[in-house]
Amino acid sequence: FLVTKEHSKVIDKSLLAAMIAAGVSILISPFAGIALLNQVSSILGMISPLLIILAAVICWRRGFRPILFFLVAWTILSIGGLIFALTYRGVLPYSTMTINSFQIASGLEVVILSFALAHRVRILRRERTRIIDMFGKYVAREVRDEILNKGIPLDGEIKEVTLLFADLRDFTKLVESSPPREVVRIINCYFTEMAEAIHLHKGLVLQFIGDEIEAVFGAPLSLDDHPRFAVRTALEMRQRLAQVNQNLKSQNYPLLRHGIGIHTGQVVAANIGSLDRLSYALIGDSVNVASRIQEQTKKYQTDILISASTESLLGREFSLHKLDLTTLKGKTEPIGLFALE
């Protein structure tokens, strides 16, 4: 607990020597007599607690406040060991209290250290909660909870999901014409609104790529009717973008436009990365198709496009306009697209 090897190598080696001496004395006491064991115990009873107290003081000076419990506990133990040693040497008068002082001090030490342990557990729980909360800021809470509960297979799983890609239009011009701090504030405002819309409809933001958003519905947690949730999200994002633009207009900033592509299909979902860093990611042709559909919003001069595979699962809840078959970049077979009105 004191990590003496890091705080003081001298103390660490001294305590190790004391432990070895105690072990050797116990092993040879049947042959050398109990007197040797008593003598070694009385010496170690004075030296070891003092060394541990010194290590605790070093910890205290380095900012580890819970060590106060240990300082009190080992101080009491050292006093008890000193009284026992002095009594054994005849310096102090023999009595029930003095001859049993080491045992009494040990009992008090255990009681105090039990409080120290309870305090340490509380600190560890607070630290764990803080780390989990911080972890949830770097990855989605859903992914965080699934990782902590070991619910995400590291070797991957095939899932049918609905993917949503959203990309800002002409944002490069804004970057070139505005101070960096203002650009960051604008895009963070946009991302905040869009992420809230995605989370509101049970989606998961996988990553922000420059000025683009990649989101998924149906992973890592399964979600019934995920195509509907994705399309409802797109409509919510349209409304929120209008609100963002009202705020930008009042500050004389150029208005934002974005394109959204939605596609439903199978993907491989897993924690992807190196041994040092992993991220929850989706792999497969469906990811590329969703991204390519988002790019087609420029061609058709509309903000939301949906693939035929997604449209076939929606029913009649939404107003859709069927477009011509389109061959996406990198594909040979054309797919059907629908504009969300």
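At 47% relative accessibility, D170 counts as partly exposed, and that makes a handy place to step into this predicted model. The side chain of D170 meets that of R257 in a salt bridge, with 2.7 Å from N to O. D170 sits in the loop between β1 and α8 while R257 belongs to strand β4, so the pair ties together parts that are 87 residues apart in sequence. R257 is partly exposed as well, with a relative accessible area of 47%.

Before going further, a word on confidence. The mean pLDDT of the protein chain is 84, and 89% of its residues reach 70 or more. Among the elements, helix α7 (residues 141-148) has the lowest mean at 64, and strand β6 (residues 304-307) has the highest at 96.

Back to the charges. The whole structure holds 10 salt bridges. One of them joins R169 to D167, at 3.0 Å from N to O. Here R169 counts as buried, at 10% relative accessibility, and D167 is buried too, at 13%. Another links R228 and E317 at 2.8 Å, N to O. R228 comes from helix α10 and E317 from the loop between α12 (308-311) and β7 (320-322), so this pair ties together parts that are 89 residues apart in sequence. R228 counts as buried at 19% relative accessibility, whereas E317 is partly exposed at 39%. Salt bridges that share partners also join E193, E196, E236 and R240 into one network.

Now for the inside. The largest nonpolar core has 36 residues, and those with the most contacts inside it are L164, Y190, I213, M237, L256, I260 and I262. Elements that each supply at least two residues of this core include β1 (157-169), α9 (180-200), β3 (212-217), α10 and β4 (257-273). Helix α9 gives the most, with 9 residues. To see how I262 is packed, leave aside its neighbours within four places in sequence: its contacts then include T162, L163 and L164, along with A230, V231 and A234, and also L305, I306 and S307. A second, separate core of 15 residues includes L15, F70, W74 and L77.

Helix α10 (residues 226-250) also carries N245. N245 is buried, with a relative accessible area of 12%. Not counting residues up to four places away in sequence, N245 touches L255 and L256, and L256 is one of the residues with the most contacts inside the largest core.

The rings are worth a look as well: the structure holds 4 aromatic pairs. Y190 and F191 form a tilted pair, 5.8 Å centre to centre with 50 degrees between the planes. Y190 counts as buried at 0% relative accessibility, and F191 is buried at 9%. F191 also pairs with F208, again tilted, at 4.3 Å centre to centre and 35 degrees between the planes. F191 lies in helix α9 and F208 in strand β2 (residues 204-209), so the pair ties together parts that are 17 residues apart in sequence. At 42% relative accessibility, F208 counts as partly exposed. Elsewhere, F84, Y88 and F102 form one aromatic cluster. One last ring to find is that of F229, where R232 lies over the face at 5.5 Å from the ring centre.

Key:
Residues numbered from 1 in each chain as written. Predicted model: local features only at pLDDT ≥ 70, side-chain atom pairs only at ≥ 80, totals over all residues. Heavy atoms only, no water. Helix = DSSP H or I, 4+ residues; strand = E, 2+ residues; numbered from the N terminus. Buried < 20%, exposed > 50% of the residue type's maximum accessible area, 1.4 Å probe, protein only. Contact = heavy atoms within 4.5 Å. pLDDT = per-residue confidence, 0-100. Core = buried A, V, L, I, M, F, W, Y, C linked by side-chain atoms within 4.5 Å. Phe/Tyr/Trp six-rings, centres within 6.5 Å; stacked < 30°, edge-to-face > 60°. Lys NZ or Arg CZ within 6 Å of the ring centre and 35° of its normal. Salt bridge = Lys/Arg side-chain N within 4 Å of Asp/Glu carboxyl O.
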